[in-house]
Amino acid sequence: MKLSPEHLVIAPILIPLIAGALQLFLDDRGRKLKASLSILSTVALLAISVLLLRFTHTDDEASGGKIAVYLLGNWPPPFAINLVLDRLSAMMLALTATLALPTLIFSMGRWHKAGVHFHTLFLLLLMGLNGAFLTGDLFNLFVFFEVMLAASYGLVLHGSGLLRVKAGLHYIAINLVASLLFLIGVALIYGVTGTLNMADLAIRIPQINETNQTMLESGAAILSVAFLIKAGMWPLSFWLPETYAVAPAPSAAIFAIMSKVGIYVLLRLALLFFGSDPGFSEGPGAQILLYGGLATIGFGTVGVLASQTLGRFAGFSVLISSGTLLASMGLVQAEVTAGALFYLVSSTLAISALFMLIELVERGQNLAASVLAVTMEAFGYQDEEIENEEIVGVAIPRTIAVLGTCFAACAILLVGLPPLSGFIAKFVILSAIFSPDIASQIDIIPATSWWFMALLILSGLATLIAMSRSGIHAFWAPSVDTTLPRVLFIEIIPVAVLLCTTLVLTIQAGPVMRFMEATAISLHAPQPYIEGVMNAPTMLPPPMEVVE
Amino acid sequence: MELILSLGIGILVGSGVWLLLRPRTYQIIIGLGLLSYAVNLFIFSAGRLIVGRPPVTQTGVRVDPATFADPVPQALILTAIVIGFATTALFLVILLASRGLTGTDHVDGEESDR
């Protein structure tokens, strides 16, 4: 039987589930076998996600993109469980697989030996992520969220140690509470509408009568708090930098996309549920997203400047990235959303590469070297050997040169300088905010847009300052007792691959941007999505006939 | 019955939140337990409070849905219970690991100065 795309839709969930479960039967000493099984399944995931991406995106502009619906129980929608693949889900799947493969290769350097069941946890995390991107109903979203979170608890604690257990305790407690909020929100929405299918909800929500409106809105609000915790919006984000900083490098690298799951869900649900009536763009939801996003950028900017270690710095960069995305969502314009999607891909790749790079850089450093520049000079004494080297001007060691180049590339990406994709992303967002056709509709550009622009540029500047500072200390003037980090070939290659991906994004910016625009437009006009799901044909005639 | 259920949920949530904000890990886990009971009851109430009606229909007979209880919330609760149980067990392990590594049951791993 030829596998049609409709059947491939479930593969991103099944492959990691089966591969992950199989690995439980293997002895933990058989790491080669485990690692090759994981690599194999991740390669398969990447191939399938690219196929699915090509399936959803057809070049003709008129169609809203193809939507594949997979009916798990073969019940006609809106009954039972279904998986829905559209452009946005396909894009997120591809991004997940693109991150997963380098991260996995990186972990084979040494991290997968640091504890038990690394590969199983990693694959289950991928399953949770893919499931969350594909699912078409709210409750399964919860289930896949939990799969993802349960695996992430294990990955945070991978390698154990005091710091990880302390941070893990907070992380798990907060996420358990978030899950409970998720359930309350789902229950409220179900109580009002009587359905959990996202497309069906989109049809029924505009028909809700006045008395139930408050219930529905409070349900949606509680639900979004759960996602905002995940995405790390400002007052809900204090757990994030610490957890990401102490998590082992490969886990942190894949966590970079985990905070984007919250963003993905908000983007999809807000526009699907409340997009059709003008309520969302004018109601409190968009305002909260906008101001919350701005506050998050501000908080992240301060945090980036104040970070004493590179790990925390990267954690705060995640916050800046989330804040930018949330604020762009709060503006509710298709053009801004398109830029935000591009930014999402670019910043996720960059942050993921940064987390892996940091681990390689810090490997050679002792505690003193990772302390803030000013404090360091106070108790730094120059090692004789290093001083000699500096005077003679010995060529920079090759490892340092490679690491330094990657570090600089990460900096350029996160700051948003040309020529890499970070610049394009920020440029598109900003130009969309101030685009003339929007300005002609509303005479003046609102003050929040200026604030957004200022914060976006400032956060870039702060990132630049912080990264130059730590870069100088890590590469240019390595201080006391710095030994050359021993970096394996398979550890630096993944970082380079991720950075090269952003280079491809830059060079192919035209087609990628067209894809993002099409995605944003179909998000803002979800009618084809709703119809595609509701009219999905069942595979066979229903198994039983109802007898009168 | 509505009053009893809503009071029950309210008391459970109140106690759960209070315990959650306490500094000891044991209090946190009990708080989380209470909260998850409350949430499960809440999901149940989302399917309306109905007594004495079956949730499962007979095969091959046309039935009036109004005479049946809503089976979806019950299915949701079952799933939520299973997931909640597993995550609570996991949290318990972390709690013990933290206790072993830090020597204290404070959530921050160290006693506050006060």
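UniProt positions are given here in the numbering used for this structure, with feature names shortened, and such annotations may be inferred rather than shown by experiment. The model is predicted, so that local features need pLDDT of at least 70 and side-chain atom pairs count only at pLDDT 80 or more, while totals for chains, interfaces and linings use all residues. Residues are numbered from 1 along each chain as its sequence is written, and chains are lettered from A and ligands numbered from 1 in the order in which they are written.

For chain B, an unreviewed UniProt entry places the feature "transmembrane region" at residues 6–21, 28–51 and 71–97. Two of these spans are described below, with helices (H or I, at least four residues) and strands (E, at least two) taken as DSSP runs numbered from the N terminus.

| Span of chain B | Helix | Strand | Distance between end C-alpha atoms |
|---|---|---|---|
| Residues 6–21 | 94% | 0% | 23 Å |
| Residues 71–97 | 100% | 0% | 40 Å |

Between the chains, 25 residues of chain A are in contact with 27 residues of chain B, contact meaning that C-beta atoms, placed from the backbone, lie within 7 Å. On the side of chain A that touches chain B, the elements giving two or more residues are α6 (138–156) and α7 (162–193) of chain A, and α7(A) provides the largest share, 16 residues.

In chain A, strand β1 (residues 68–71) is joined by four bridges to strand β2 (residues 82–85), the two running antiparallel, and L71(A) stands opposite N82(A) in β2(A).

Notes. Two residues are in contact if their C-beta atoms, placed from the backbone, lie within 7 Å. Two strands pair if DSSP finds at least two bridges between them.
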